[in-house]
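Me: I would like to learn how to read the features of a model like this one, beginning with the sheet. Could you take me through them one at a time?

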Amino acid sequence: MHTDWRCDNCGEVPPFHVAEHINADIVDSMLRRQAGSAEKTPFWCPWPLPAGWMVTGVGWAGDDRTGVRATALACSGPDPLGGGPADVVLIAEQPGVGLGTRFGGIPGIDPGHLIAEALTAGNGHPGPHAKIRAGGHPTPLWCVKSPEDRSAYVSEAKGMWLYAVAWPASAGYFLAEHVVLHDLCEGVPSELVYGAPSPYLQGKA
């Protein structure tokens, strides 16, 4: 018996757990899963939240044997370019998990080759496509090839992969708004605002 899920393309992957609802108690219960762990997987959250944005879901990949190997947090708000709602899922994961590529609609488990492709496709300008702060450090993001209904950005923070996947694709401009990511493992702001569960975290993606 084993607890891994099996992907037809990637083989065994850790099971993914998503909370059906979202509020402060659920966030606390997610964080308690890593209590006492020597190496915590970050739970990235934009903080302060941009105007009109709310936290709309959390999830994690792993099991009682391996612990938390990846985390996901969804937030929703107005599309930066107008025209309706936008959703962004932030994922931190250890190498070899594949949760970020799954939400990004990207083949494979790790995105290293995609970053290399993004660097070579820069037409002589290989600089990052977005710049944020994660855990107090400047963090470059590279936009990688994904389905047309979304945009996917990849980086590294705290020694783990960092993904930001946005729906619709234009919502990726959210990352141009001086976004600062705070690791909820280091404390949950009492002023966090919660909204209706994100359909993308719940399985629409």
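Me: In what order do the 10 strands of the open sheet lie, and what is the pairing?

Reply: A sheet is read across its strands, and the order need not follow the numbering along the chain; in this predicted model, the 10 strands form an open sheet in the order 3-5-6-7-11-10-9-8-12-4, with mixed pairing. Strand 3 (16-18) and strand 4 (44-46) stand at the edges, and because each has a single partner strand, one side of each is left without a neighbour in the sheet. On average, and with direction ignored, neighbouring strands of this sheet are turned by 30° against each other.

Me: Which helix packs on the sheet, and which strands is that helix touching?

Reply: Helix 3 (residues 112-120) packs on the sheet, where it touches strand 9 (137-144), strand 10 (151-157) and strand 11 (160-167), and the direction of helix 3 makes about 85° with that of strand 9.

Me: How should I read the pairing of individual strands, and which strands run parallel or antiparallel?

Reply: One looks at the bridges between two strands and at the sense in which they run. Strand 8 (residues 130-134) and strand 12 (residues 180-183) run parallel and are joined by 2 bridges, with Arg133 standing opposite Val180 in strand 12. Strand 3 and strand 5, by contrast, run antiparallel and are joined by 3 bridges, and strand 5 pairs with strand 6 (residues 67-78), also in the antiparallel sense, over 9 bridges. A hairpin of 3 residues makes the connection from strand 5 to strand 6. Gly59 lets you follow the register across these strands, since Val18 stands opposite Gly59 in strand 5, while the bridge partner of Gly59 in strand 6 is Ala72.

Me: Is strand 5 mostly covered or mostly open, and how many of its residues are buried?

Reply: Strand 5 (residues 54-63) is mostly covered, with 9 of its 10 residues buried.

Me: Which residues of the largest nonpolar core touch the most other members?

Reply: A core can be read through its best-connected members, and then through the elements that supply them. The largest nonpolar core has 23 residues, of which Phe16, Ala72, Val89, Ile91, Leu99, Phe103 and Leu201 touch the most other members. Among the elements that give two or more residues to this core are strand 6, strand 7 (85-93), helix 2, helix 3 and helix 4 (200-204). Leaving aside residues up to four places away in sequence, Leu201 has contacts that include Phe16, Val18, Gly59, Ala72, Val89 and Phe103. There is also a second, separate core of 21 residues, which includes Ala86, Val88, Ile132 and Ala164.

Me: What does the side chain of Thr101 reach, and is Thr101 buried or exposed?

Reply: For a polar residue, accessibility and polar partners are best read together. Thr101, found in helix 2 (residues 99-104), is buried, because its relative accessible area is 2%, and its side chain reaches the backbone oxygen of Gly108 at 2.8 Å. Beyond residues up to four places away in sequence, Thr101 touches Ile106, Gly108, Ile109 and Tyr163.

Me: How many disulfides does a search of the whole structure find?

Reply: The search finds 0 disulfides. Cys75 is in no disulfide, and the nearest cysteine sulfur, that of Cys45, is 6.9 Å away, whereas a disulfide would need the two sulfur atoms within 2.5 Å. As for accessibility, Cys75 counts as buried because its relative accessibility is 0%, while Cys185 is partly exposed, with a relative accessible area of 25%.

Key
Residues are numbered from 1 along each chain as its sequence is written. This is a predicted model: local features need pLDDT of at least 70, side-chain atom pairs count only at pLDDT 80 or more; totals for chains, interfaces and linings use all residues. Side-chain values use heavy atoms; hydrogens and water are left out. Buried means under 20% relative accessible area, exposed over 50%, partly exposed in between (1.4 Å probe, protein chains only). Two strands pair if DSSP finds at least two bridges between them. Helices (H or I, at least four residues) and strands (E, at least two) are DSSP runs, numbered from the N terminus. Axes are lines fitted to C-alpha atoms, for helices over the stretch in contact, and angles run from 0 to 180 degrees between N-to-C directions. Contact means heavy atoms within 4.5 Å. A polar contact is a pair of N or O atoms within 3.5 Å; within protein, one must be able to donate a hydrogen and the other to accept it, and residues adjacent in sequence count only if both atoms are side-chain atoms. A nonpolar core is a set of buried Ala, Val, Leu, Ile, Met, Phe, Trp, Tyr and Cys residues joined through side-chain atoms within 4.5 Å.
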